[in-house]
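Q: Please take a close look at a single part of this model, namely the surroundings of its ligand. Which residues are found there, and how do they meet the bound molecule?

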Amino acid sequence: MSLMFGEDMTDTAATPSGLFGDRVAALRSVARPRRTGVVVGVVGLAVTVSGIVARIGDLVRIGSAEAPLLAEVVALDHERVVCLPLGPLGGVGVGSPVVNTEGPLRIAVGEELRGRVLDGLGRPMDGGPALTGMSRVSVDMAPPSAMERSLISEPLQLGVRALDTMVPCGHGQRIGIFAGSGVGKSSLLSMITRGTEAEITVIALIGERGREVREFLEHDLGPEGLARSVVVVATSDQPPLVRLRAGFVATRIAEWYRDRGKNVLLMMDSLTRIAMAQREVGLSAGEPPATRGFPPSVFALLPTLLERAGPAPVGGITGLYTVLVEGDDHNEPIADAARSILDGHVVLDRRLATAGHFPSIEVLESVSRVTGAITTPQQRSDSSELRRLMAAQRDVRELVEIGAYVPGTNPDADRALALRDQINDFLRQSIGDQVPAERAWAQLGALLHGNPNGEGLS
Ligand SMILES: Nc1ncnc2c1ncn2[C@@H]1O[C@H](COP(=O)(O)OP(=O)(O)O)[C@@H](O)[C@H]1O
Ligand SMILES: [Mg+2]
């Protein structure tokens, strides 16, 4: 597997575009004296280099020209450049030669990516054909400006009844899925991949174990899910910078489809692991830990990454980001920071999962901040009625359990208790079932107002 970081890795922003631009870039590249630096120290993951001129984000090649190690510049001072590796450090020593490629990481993009599984640097890892002849773009891109973005006004069907009705997602919305481990995040993402009306799904699997990735691809996603997706994978054993970049690679691929007018669904599992990778990168680059061991760059990273999703003048990226809440602590700093940036959150609950209630969405804790803009008055009234009934039932649950609830005390609770089984049947959905949003709304209407159209759940 070869990565073609050719001599053309200059910053395209400074170069005229088109054939003429390519020539200019090639000439400049040949004319420029290329300085070779050397490694002067390695501490932990940080490789200190002297003798090159570099900017933050530049890729450098360390070692022999035949089998170089790629590394990225993460910190600079007067003469020294600190780089973090994008591969194993074995073989790097003091004196190893270093050449700057003069530009950031670039990846191949194109329609051919559909159905492919890529590594954290955008290279195929599914044994399929090489990505030759495709255009190559920098992974960095500015988000659309706030004034150019269209407003979120259309719902995006996810095919999961509890989400489409109770936490509806808009085209271009960014939602966090907050859950502990083993609560059903991956299964939910795979249900969404199969049930959504989005034209293409880009899935980033970051920081998972290798076994989980294969399970997700083969069991959860399956061939039909994969056929409408691009999957980017950086497992937990990859260097932190690769795990970090994987999030940007997936986002950049989503942007490429968006810029061709597509409605893209970008799913990232998990945002927490990207933040943890940034923590390792920041600490290795010499940043001080600030909030609960996280350096400031972690909190700067989250908005930069998440702002790149959202509506755009053409097309849009709807983002679903899973956030791990370890020990089911919903207030840890990453979860807190993510919640403040995202436009909605879905909470998965361990008690529901252990009781076999899947998808384990805790509806009363989940909110979509754009519900008002993407639902009809009737839909809003139905979903808030169901919420009211569920809340009333929750209020009296303990009384009911000990047999102390007196029917007639709370009319909403009485109604909720009478409808309890139907409500649970409505909110549950087996992993292979896809329910169009229109059908889900009809089923909710039938649940609340009787069954005029014979709309059942089966
Ligand atoms: N919709 C579902 N129907 C039945 N079982 C499910 C469903 N979703 C999740 N599960 C069960 O929960 C387990 C953990 O789910 P998974 O999606 O792997 O969790 P996570 O990604 O949060 O670690 C799965 O092995 C599966 O048995
Ligand atoms: Mg998982």
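A: The answer below begins with the ligand and then turns to the interior of the protein.

The model is predicted. In it, ligand 1 has around it a run of residues consisting of Ser181, Gly182, Val183, Gly184, Lys185, Ser186 and Ser187, together with Phe358, Gln429 and Ile431. Sorted by class, this shell holds 6 polar residues, 3 nonpolar residues and 1 charged residue. The charged residue is Lys185, while Val183, Phe358 and Ile431 are the nonpolar ones.

Some members of the shell come within a few ångströms of oxygen atoms of the ligand. Ser187 uses its side chain: a polar atom there is 2.5 Å from an oxygen atom of ligand 1. Gly182 takes part through its backbone, with a polar atom 2.8 Å from a ligand oxygen atom. Gly184 also uses its backbone, where an N or O atom is 3.0 Å from an oxygen atom of ligand 1. As for cover, ligand 1 would expose 560 Å² if taken alone, and the protein buries 63% of that area.

The interior of the protein offers a second setting to consider. The count of cavities of 30 Å³ or more comes to 1, and the largest cavity contains about 50 Å³ of space. Its lining is made up of Leu158, Leu163, Val167, Cys169, Ile175, Ile177, Ile192, Leu320 and Val346. By class, these are 9 nonpolar residues, with no polar and no charged ones. The shell of ligand 1, by comparison, includes 6 polar residues and 1 charged residue.

Notes:
Residues numbered from 1 in each chain as written. Chains lettered and ligands numbered in written order. Predicted model: local features only at pLDDT ≥ 70, side-chain atom pairs only at ≥ 80, totals over all residues. Heavy atoms only, no water. Near = heavy atom within 4 Å. Polar contact = N/O pair within 3.5 Å; in protein donor to acceptor, adjacent residues only side chain to side chain. Areas by Shrake-Rupley, 256 points an atom, 1.4 Å probe, with all protein chains shown as cover. 1 Å grid on protein atoms, 1.4 Å probe; cavity = no way out; pocket = protein on both sides within 12 Å on 5 of 7 lines; lining within 4 Å. Points joined across faces, edges and corners; volume = space filled by probe spheres on them.
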